[in-house]
Amino acid sequence: MTHRDDTTEQFMALAERQKTTLHKICRLFARDNAALSEDLYQEMIIDLWKAFPKIPPTADEQRWTFTIVYHTAIANYRQRLRDIKTTKITPFTPHPHTTQEDETNDSLEKIYEQLRLLPNEQQQIMMLHLDGYKYEEIAQTLGLDKNYVGTRIHRIKEQLKKKLAI
Amino acid sequence: MKSNSTPNDDAWWSSIQELWKSQDETILEQSQTDSYDKVRSIITAHEKRCRSRIQKMWASGIAACILIALGISIMRMSTIPPTDLQQSSQPAIAQTQDVEPAAEASTHANEENATKQPVKQTTAEKSTPSPTASVPARPQPATIAYNPTQVVCNNSCDSAAVINQIRSFLTDTEA
């Protein structure tokens with residue numbers, strides 16, 4: 001097995017381990033648009049593949065993946081915004097399988113809706129916090145101050161509690 | 001911050017977190033079968049695209065080099081060597097000098113042709129030893145007549161007039 005094959009195998013294992021992170025971000029940005037979600041997933045994989053040789057050995061795999069794919073999603077979102085501005089706005093046609101089948105999915109969609117309303121930085125903070133990361137880890141990942149992260153989380157939680165009646 | 005949160009808040013938040021984590025299982029279940037192949041196919045397609053882009057870049061680079069080389073060679077071929085330039089420059093200058101005043105002086109020259117001819121003839125005849133001179137003396141007036149600088153200095157800039165002068169001079173000398 002060559003070095004290249006080795007790298008490919010390692011990367012595929014990483015993509016397999018981190019696919020939940022990828023799918024969550026896809027859902028956050030692409031909503032229920034399956035085609036868009038598919039495109040975004042491909043872009044994320046490509047960006048991860050490009051960045052894979054540069055991964056620091058000491059880095060937290062999940063946080064590293066999250067940072068890269070989140071930025072890919074933002075870039076994709078901005079590109080879409082530009083395309084909408086330059087071309088005719090086509091009315092959004094929901095995917096045929098958008099109906100929420102169970103209560104859990106409904107509740108989850110409500111969380112996603114609230115997350116979509118947040119600015120990018122706060123979205124990242126909350127997604128990492130929802131994944132169980134501590135303030136310090138979140139601050140380290142996003143290059144922010146620990147106290148700032150704590151304050152933000154506290155405020156967002158209050159907002160969410162008011163809006164979500166789960 | 002966290003210290004301000006009540007146990008009720010904590011319970012609410014942990015329920016949200018549980019809900020959030022519950023989707024992981026769903027995602028893993030849904031994408032269990034095809035995800036490995038999917039990632040592989042995405043990488044392969046990306047690598048192919050990269051390779052073809054590199055090939056295109058190389059091809060366009062080589063094409064550009066060939067075009068530049070062709071351009072340079074054409075430029076070199078089209079430029080006249082310096083030796084040719086030296087040879088061709090004198091008549092060209094004389095021609096241009098002839099043409100510009102010719103427009104003004106063409107009527108003048110035609111009118112004054114008859115009056116000028118004798119003047120020229122006399123100067124030419126002065127340079128020759130005698131009208132009854134031997135044959136080797138002939139080339140001397142001929143070279144004087146063809147000299148373009150002399151033509152310019154005499155203000156007879158019309159080439160037709162000059163040719164007429166030369167013809168008449170030659171016929172005179174032969175006579």
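**Notebook: two helical chains**

I started with helix H2 of chain A, residues 19-30: twelve residues, with 16 Å from the first C-alpha to the last, close to the 16 Å expected at 1.5 Å a residue. I should jot down early that this is a predicted model.

Next I looked up how covered H2(A) is. Eleven of its twelve residues turn out to be buried, so I can call H2(A) mostly covered, buried being under 20% relative accessible area. The buried list includes Leu22(A), Ile25(A), Leu28(A) and Phe29(A). Charged names are on it too, among them Lys19(A), Lys24(A) and Arg27(A). Cys26(A) is also buried.

What happens just after H2(A)? There I found Arg31(A), with a positive phi of about 50°.

Then I stepped back to take in the whole of chain A. I count eight helices and zero strands, and the pattern along the sequence is α-α-α-α-α-α-α-α. Chain A has 166 residues, and 43% of them count as buried. Its accessible surface is about 9,400 Å², with 51% belonging to carbon and sulfur atoms. I also checked contacts between residues at least 6 apart in sequence: in chain A, 66% of them join residues at least 24 apart.

On to chain B. Here I get six helices and zero strands, running α-α-α-α-α-α from the N terminus. Of its 175 residues, 22% count as buried. Chain B exposes about 12,900 Å², and carbon and sulfur atoms supply 61% of that. For contacts between residues at least 6 apart, 75% in chain B join residues at least 24 apart.

Which residues of chain B form a nonpolar patch on the surface? I noted Ile54(B), Trp58(B), Ile62(B), Ile66(B), Leu67(B), Leu70(B) and Ile74(B), with about 770 Å² of accessible area together. I picked Ile54(B) for a closer look, and found it in helix H2 of chain B, residues 35-78. Ile54(B) counts as partly exposed because its relative accessibility is 46%. A reminder to myself about helices: there are 3.6 residues a turn, so residues three or four places apart point the same way.

Last, cysteines. How many disulfides are there over all chains? My search of the whole structure gave zero. I looked at two cysteines of chain B anyway. Cys50(B) is partly exposed, at 25% relative accessible area. Cys65(B), at 53%, is exposed, since the cut-off for exposed is over 50%.

Key: Residues numbered from 1 in each chain as written. Chains lettered and ligands numbered in written order. Predicted model: local features only at pLDDT ≥ 70, side-chain atom pairs only at ≥ 80, totals over all residues. Heavy atoms only, no water. Helix = DSSP H or I, 4+ residues; strand = E, 2+ residues; numbered from the N terminus. Expected span 1.5 Å × (residues − 1). Buried < 20%, exposed > 50% of the residue type's maximum accessible area, 1.4 Å probe, protein only. Patch = residues over 30% accessible without salt bridge, like charges linked within 9 Å, V, L, I, M, F, W, Y side chains within 5 Å. Areas by Shrake-Rupley, 256 points an atom, 1.4 Å probe, with all protein chains shown as cover. Salt bridge = Lys/Arg side-chain N within 4 Å of Asp/Glu carboxyl O. Disulfide = S-S within 2.5 Å. Contact = heavy atoms within 4.5 Å.
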